[in-house]
Amino acid sequence: MANDKTPMQLIARGVLSENPIFRLALSMCPAVGISTTVMNGIMLGIAVLFVQVFSSVTISIFKNLIHPRIRIPTYTLTIATWVTVIDLVLAAYLPEAYAKMGIFVKLIVAFAIITMRLEMFACKEGVKDSFWDGLGMGIGFMVGMMVIGMVRELLGSGAILGYDVLGFKPLLFFILPSAGFFVVGLMMAFFNWIELYYKRSKGVQ
Amino acid sequence: MMKSKFIFSLVVALFAALLSPLAAQAGDLVVDQRFVDKKEIAVTFAGPVDKAVAGNAANYRVFEEADPDIFLELAKATVADDGKSVVLTFASPLNAVKTHVVEVKGLGGADKTVFSVSKSYLGYLFGILISALLINNFVFTKYLGLCVFFGTSKKKSTAKGMGVVFTIVMVVSALMSWFFFNFILTPYNLNFLQIVVFIGLVSLTVQAVDTILRKVNPILFNSFGVYLVLVIANCVIIAVPLILANNNYNVFETFMLALGAGGGFLLALYLMSSVSERLQLAKIPPTFKGLPIAFIVAGQFAMAFLGFSGLQLF
């Protein structure tokens with residue numbers, strides 16, 4: 001099964017039409033749990049990007065050697081290896097950011113999005129395409145985390161990336177953990193609304 | 001049925017065995033000792049003691065068992081009128097989770113009387129259970145396992161089955177992980193392999209449950225649908241071994257944590273599925289259909305669960 005998409009199309013698919021957070025609704029835990037600031041979103045996004053790209057490439061290289069029956073355990077162990085790498089690197093070089101993210105860096109190993117991309121894409125396609133697909137998905141995840149983080153940080157503490165933008169704190173509620181559910185839910189509804197609006201306007205024409 | 005009764009009695013016997021040293025350690029003179037308030041320890045003696053000795057705060061030395069060099073400052077010692085009990089009041093609040101050691105000089109003619117004050121270990125274990133179940137509910141306060149949570153909370157029957165299976169998988173995999181962590185990873189300095197080993201053990205347990213369930217309950221097996229693959233690497237299951245490794249829990253604490261986490265997941269799934277069944281009858285705006293409204297409902301549950309955050313039972 002050959003892939004007929006260009007690298008740019010693969011990336012665009014990951015960011016827009018198959019965005020892991022808003023469209024596929026996978027990996028919701030970090031999107032709700034630690035998306036309180038933009039910085040958290042970027043950090044975890046980088047970690048996920050790293051794991052996704054390297055796991056995709058690894059599986060793509062070895063795809064002909066993996067027996068179909070044991071493919072899921074193989075994926076899991078591959079991901080676990082790369083997560084261990086990024087976990088140790090972050091703990092060594094960025095201890096502060098690492099402490100903020102807590103257990104979620106280690107939990108990348110259980111993110112459904114990565115396993116899904118390996119199962120749907122990397123085990124069938126070539127190394128280059130898998131690289132671009134992984135990159136697209138990783139960036140899509142990072143963008144999703146950043147958007148949620150931006151909304152929460154702006155509304156919660158009136159700042160973006162730690163810089164005071166508004167000068168006042170509109171709604172402290174958005175910084176509180178439980179607001180993550182509301183923000184993600186409302187944003188999903190917003191995207192649904194855009195889609196419905198778009199379809200309706202097309203239908204009228 | 002017989003078997004479960006047997007296991008239950010075994011568990012009770014184990015806890016009884018755990019508790020017995022606490023009852024015996026107080027010695028002959030000291031009958032009972034416990035934390036009363038945040039700043040107080042109450043001690044009861046077998047008979048009347050010398051009020052001058054027992055009432056003198058300078059005669060006491062109190063420290064946490066883990067830090068024998070740091071003595072806690074005693075504000076006053078109040079002896080009851082019959083001389084049979086004394087209340088020690090401290091200058092600053094005590095950390096009642098830790099075991100405290102009290103040394104008394106010259107009490108009842110003895111040179112030094114030593115006894116330790118701790119919360120009931122069973123209470124402490126129960127505290128871990130309640131904490132994982134309600135206060136730090138894995139779904140509503142730690143935000144783990146949301147994919148499965150939103151995916152399988154449509155029907156009550158599925159939610160119940162899923163929650164029970166999750167609890168079983170969690171307990172089994174947590175106990176295995178505890179064993180591996182304590183007897184293989186730590187002694188050989190292989191802690192950096194934590195993630196790989198834990199995820200392997202979890203997958204193994206899930207695979208076993210999968211095979212057994214396929215034979216025992218095919219209906220439940222079918223209702224899992226696509227989530228069976230995702231369950232293998234679900235964050236709520238892998239989180240338990242990681243937490244126990246972080247906190248250096250012993251085997252009983254691990255068991256309680258896993259049980260609480262699984263029970264909390266079951267509770268969350270059940271609550272959510274109850275609401276979902278009602279939502280199917282409600283008129284929801286088209287933009288909110290499906291996941292968005294589920295997120296809003298979960299957010300409200302999360303706010304409700306914030307209310308548990310001051311809860312302290314023991």
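Helices and strands are taken here as DSSP runs, with at least four residues for a helix and at least two for a strand. With that in mind, chain A of this predicted model can be read as eight helices and two strands. Walking along the sequence, the elements of chain A come in the order α-α-α-α-α-α-α-β-β-α. The radius of gyration of chain A is 18 Å, close to the 17 Å expected from the globule rule for 205 residues, so chain A is as compact as a globular protein of that length. Along the principal axes, the C-alpha atoms of chain A fill a box of roughly 60 × 55 × 25 Å.

A look inside chain A adds to this picture. Of its 205 residues, 47% are buried. Contacts in chain A also reach across the sequence: among those between residues at least 6 apart, 75% join residues at least 24 apart.

Chain A also meets a partner, chain B. Here, 34 residues of chain B are in contact with 35 residues of chain A. On the side of chain B that touches chain A, at least two residues each come from α4 (146-151), α6 (194-216), α8 (227-232), α9 (235-247) and α11 (291-306) of chain B. The largest share belongs to α11(B), which supplies nine residues of that side. Sorted by class, the side of chain B that touches chain A holds 27 nonpolar and seven polar residues, and no charged residues.

Conventions: Residues numbered from 1 in each chain as written. Chains lettered and ligands numbered in written order. Predicted model: local features only at pLDDT ≥ 70, side-chain atom pairs only at ≥ 80, totals over all residues. Rg over C-alpha atoms; globule rule 2.2 N^0.38 Å. Buried ≥ 20, exposed ≤ 12 C-beta atoms within 10 Å, placed from the backbone. Contact = placed C-beta atoms within 7 Å. Nonpolar A, V, L, I, M, F, W, Y, C, P; charged D, E, K, R; others polar.
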